[in-house]
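Visitor: Please take a close look at a single part of this model, namely its nonpolar interior. I should like one connected account of it.

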Amino acid sequence: MADVGVRAARHEDVAAVTSTQIRAWKYGYRDFLPEGPLEQMTGPAAENMWRQQWDDAITSPPSSRHRVLVAVEQVVLDTDAFPALGPGGIEAMAAMQGAEKVAGLASHAPAEDPDLDPTIAGEMLTFLIDPDHVRRGHGSRLLNATVDYLRDDGYHTIVTWVFADNYAVLGFLESAGWGADGAERVIDMGRTVRMIRLATDIS
């Protein structure tokens with residue numbers, strides 16, 4: 001069993017947040033991003049860069065409206081099975097009791113697109129679930145927490161950029177009331193990759 005929830009990321013989460021991003025990208029983007037660029041985005045050199053960026057984002061955000069949230073599972077072990085593990089196994093498993101596992105992440109900030117007013121429009125910059133923890137409600141909890149934070153900050157609208165071929169995320173957000181607002185980006189990744197902007201009203 002596991003207790004689940006969403007909280008603000010802490011410094012000790014940096015490694016897990018970075019790992020979750022890399023794993024989610026490798027799994028979620030493999031069907032529509034070119035192989036070479038995806039390898040560059042998720043390789044060892046890139047992972048070190050992302051770790052530093054997440055460290056900065058979590059420990060030294062530019063403002064109080066820049067946040068990183070993590071979905072976590074708190075592991076609850078079956079202690080009835082401990083005797084079968086032997087003394088060393090019991091000690092190791094007991095140390096895990098109550099430990100948290102980062103299962104997903106979301107980050108948000110004031111919107112930066114020039115056609116948006118950053119005083120009333122926020123942007124969900126990152127929304128990722130570890131591939132081993134999908135379909136457990138983490139996405140919905142992260143999305144709801146993001147909306148709650150940004151609404152409390154006084155925002156009326158949230159936007160996010162999604163790859164046009166990322167049908168899983170598009171379908172999830174559309175089912176939650178988000179919709180394309182007409183803005184698009186085209187990225188050269190050896191071939192053209194299109195992104196679309198989704199928006200939702202939270203006023």
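**The nonpolar interior**

Guide: Of the 203 residues of the protein chain, 43% count as buried (under 20% relative accessible area, 1.4 Å probe, protein chains only). The model is predicted, so local features need pLDDT of at least 70 and side-chain atom pairs pLDDT 80 or more, whereas totals for chains, interfaces and linings use all residues. Residues are numbered from 1 along each chain as its sequence is written, and side-chain values use heavy atoms, without hydrogens or water.

The chain holds six helices and seven strands (DSSP runs of H or I, at least four residues, and of E, at least two, numbered from the N terminus). Its largest nonpolar core (buried Ala, Val, Leu, Ile, Met, Phe, Trp, Tyr and Cys joined through side-chain atoms within 4.5 Å) has 27 residues, and Y29, L33, W54, V70 and F163 have the most contacts inside it. At least two residues of this core come from each of α1, α2, α3 (44–59), β2 (67–75), β3 (100–110), β5 (157–163) and β7 (192–201). The greatest share, five residues, is given by α1.

Beyond its neighbours within four places in sequence, W54 is in contact (heavy atoms within 4.5 Å) with V14, V17, T18, Q21, V68, L105, S107 and T126. A second, separate core of 21 residues includes L150, Y155, V162 and L170.

Helix α1 (residues 14–28) also packs against α2 (residues 35–42) at about 170°, the axes lying 10 Å apart. The two helices are therefore roughly antiparallel (over 145 degrees). I22, W25 and K26 of α1 meet L38, M41 and T42 of α2 in this contact.

Note on methods:
Axes are lines fitted to C-alpha atoms, for helices over the stretch in contact, and angles run from 0 to 180 degrees between N-to-C directions. Angles under 35 degrees count as roughly parallel, over 145 as roughly antiparallel, 65 to 115 as roughly perpendicular and the rest as oblique. Buried means under 20% relative accessible area, exposed over 50%, partly exposed in between (1.4 Å probe, protein chains only).
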